[in-house]
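Welcome, and thanks for taking a look at this one. Please have the sequence and the coordinates open side by side as you read.

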Amino acid sequence: MKLEDEVVRRQRERARITAWLLGAFVVLLFFITIAKTGINW
Amino acid sequence: MPAVELTQPAALPADWRDILALTKPRVMYLVVFTGLCGMLAAPAMPPAVLGFTAILCIALGAGACGALNQWYEADLDAKMRRTAKRPLPAGRMDRQVALHFGVGLSFFSVLLMGLATNWLAAALLAASILFYVLIYTVWLKPRTAQNIVIGGAAGAFPPLIGWVAATGHIAPLPLLLFAIIFLWTPPHFWALSLFVRSDYAAAGIPMLPVVAGIPSTRRQIFLYSLPMAAAAVAPWVLGLAGPVYGASAAILSFVFVVLAARVLANRATDPAQMAPEKKLFAYSVFWLFALFAVLVADRWLAA
């Protein structure tokens with residue numbers, strides 16, 4: 001594999017993982033807010 | 001853009017597996033487990049999502065400690081067989097990445113803990129990170145053979161943080177849990193350091209077997225196992241845990257002291273002949289897991 005390809009592969013992989021983590025964080029924050037405000041579903 | 005041959009692997013963006021390895025995931029299990037037990041032993045349970053977030057923050061804080069430790073000790077890690085393949089000494093990652101990752105993760109974990117649970121738990125988490133990085137890694141570890149004794153306090157914080165995250169205040173039982181891990185750390189680490197002594201000597205880290213010698217370390221292991229056993233049964237003696245815990249703690253600690261006595265009796269200096277030390281090290285991990293699990297079970301049975 002060319003070095004350039006490896007750089008792109010790693011950047012994409014990291015970007016994908018970062019996106020998933022950010023998404024999970026947003027969901028977690030939502031549920032934390034619900035729990036802190038004491039809203040019962 | 002033409003492909004450029006790079007002379008150093010670190011010129012590549014770090015692989016996510018290497019970033020994950022910075023957090024020392026294997027060390028994290030024990031931290032998460034003791035933090036979770038501290039929370040589960042508390043008289044009040046927070047909503048599940050807040051409890052989960054508190055444990056997540058403890059794990060992230062431990063990961064931040066691991067990253068900052070590896071950032072600071074990259075040169076030392078390169079000299080030890082056990083650690084030479086880590087991302088920084090192996091040249092797979094830029095040192096600045098580790099620093100930024102560790103600092104960022106520290107702030108993130110403390111802030112999230114404060115927002116999700118309470119600021120006393122966040123302050124304790126911040127204190128544990130600062131203690132581990134500044135007091136243990138930077139100050140004590142390269143200077144004194146007592147590094148593990150005092151530095152062990154950093155690893156003793158998780159059950160206290162878990163309890164405070166659940167209740168909002170400090171109580172005698174989580175302080176005893178702190179004391180148990182604090183007194184457990186020296187015999188646990190010294191047992192390991194006996195059979196990887198040459199690694200520490202090569203890196204110039206003044207671990208007890210390197211500075212004081214093997215017989216002295218064996219004596220210290222045995223001596224520390226006694227107050228550790230006393231601390232382990234203390235929650236029962238003080239009426240903070242029931243007889244199930246008391247009996248289990250007594251049996252588990254008795255076996256620990258017996259194994260420590262076997263280490264004391266061993267005269268071998270060759271790591272290949274240090275079976276008692278290896279056995280004690282493995283048992284010490286089991287001892288902590290079992291003790292905390294029994295404590296939670298006992299508290300739940302009483303409730």
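What follows is a short tour of the two chains, the domains of chain B and a handful of individual residues.

Please keep in mind that this is a predicted model. Chain A has 1 helix and 0 strands, while the domain assignment splits chain B into domain 1 (12–170) and domain 2 (171–303). Much of the interest below lies in helices H7 and H8 of chain B, which cover residues 147–167 and residues 172–195.

**Chain A and its contact with chain B**

- The C-alpha trace of chain A measures out, along its principal axes, at about 55 × 15 × 5 Å.
- Of the 41 residues in chain A, 0% are buried.
- The contact between the chains involves 14 residues of chain A and 14 residues of chain B. On the chain A side, these comprise 7 nonpolar, 1 polar and 6 charged residues.

**How the two domains of chain B meet**

- A distance of 21 Å separates the C-alpha centres of domain 1 and domain 2 of chain B. Their contact draws on 28 residues from domain 1 and 29 residues from domain 2.
- On the domain 1 side, helix H2 (25–40) and H7 of chain B each provide at least two of the touching residues. H7(B) gives the most to that side, with 9 residues.
- Sorted by class, the side of domain 1 that touches domain 2 holds 17 nonpolar, 6 polar and 5 charged residues.

**The nonpolar core**

- The largest nonpolar core contains 94 residues. Those with the most contacts inside it are B:Met39, B:Ala54, B:Ile58, B:Met113, B:Ala121, B:Leu125 and B:Ile161.
- Where does this core lie with respect to domain 1 and domain 2 of chain B? Both domains give residues to the core, so it lies between them.
- Leaving aside residues up to four places away in sequence, B:Met113 touches B:Ala54, B:Cys57, B:Ala121, B:Ala122 and B:Leu125.
- As general background, nonpolar side chains tend to be buried together in soluble globular proteins.

**Helix H7 of chain B**

- H7(B) has 21 residues, and at 1.5 Å a residue these should span 30 Å. The end C-alpha atoms are 32 Å apart, which agrees with that expectation.
- A bend of about 35° occurs in H7(B) at B:Ala156, and the proline B:Pro158 follows within four residues.
- H7(B) is mostly covered, with 17 of its 21 residues buried.
- After H7(B) comes B:Gly168, which has a positive phi, near 90°.

**Helix H8 of chain B and B:Trp190**

- For the 24 residues of H8(B), the expected span at 1.5 Å a residue is 34 Å, and the end C-alpha atoms are 36 Å apart, which agrees.
- H8(B) bends by about 30° at B:Thr185, with a proline, B:Pro186, following within four residues.
- Because 19 of its 24 residues are buried, H8(B) is largely enclosed by the rest of the structure.
- B:Trp190 sits in H8(B). Is B:Trp190 buried or exposed? B:Trp190 has 25 C-beta neighbours inside 10 Å, so this residue counts as buried.
- Beyond residues up to four places away in sequence, B:Trp190 touches B:Ile148, B:Leu208, B:Thr217, B:Gln220 and B:Ile221.
- B:Trp190 and B:Pro209 are 19 residues apart along the chain, and their C-alpha atoms are separated by 7.6 Å.

**Partly exposed residues in chain B**

- B:Leu20 belongs to helix H1 of chain B and counts as partly exposed, because it has 13 C-beta neighbours inside 10 Å. From B:Leu20 to B:Pro215 there are 195 residues in sequence and 38 Å in space, C-alpha to C-alpha.
- B:Lys24 lies in the loop between helix H1 (16–22) and H2 of chain B. Its phi is near 50°, which is a positive value in a residue other than glycine. With 17 other C-beta atoms within 10 Å, B:Lys24 is partly exposed.
- B:Ala261 is part of helix H12 (residues 243–265) of chain B, and its 16 C-beta neighbours inside 10 Å make it partly exposed. B:Ala261 and B:Leu280 are 19 residues apart in sequence, with a C-alpha to C-alpha distance of 9.9 Å.

How values were computed: Residues are numbered from 1 along each chain as its sequence is written. Chains are lettered from A and ligands numbered from 1 in the order in which they are written. This is a predicted model: local features need pLDDT of at least 70, side-chain atom pairs count only at pLDDT 80 or more; totals for chains, interfaces and linings use all residues. The expected span of a helix is 1.5 Å times one less than its number of residues. The bend at a residue is the angle between axes fitted to the seven residues ending there and the seven starting there. A residue is buried if 20 or more other C-beta atoms lie within 10 Å of its own, exposed if 12 or fewer, and partly exposed in between; C-beta atoms are placed from the backbone. Two residues are in contact if their C-beta atoms, placed from the backbone, lie within 7 Å. Ala, Val, Leu, Ile, Met, Phe, Trp, Tyr, Cys and Pro count as nonpolar, Asp, Glu, Lys and Arg as charged, and the others, Gly among them, as polar. Domain bounds come from an automatic or database domain assignment. A nonpolar core is a set of buried Ala, Val, Leu, Ile, Met, Phe, Trp, Tyr and Cys residues joined through C-beta atoms within 7 Å.
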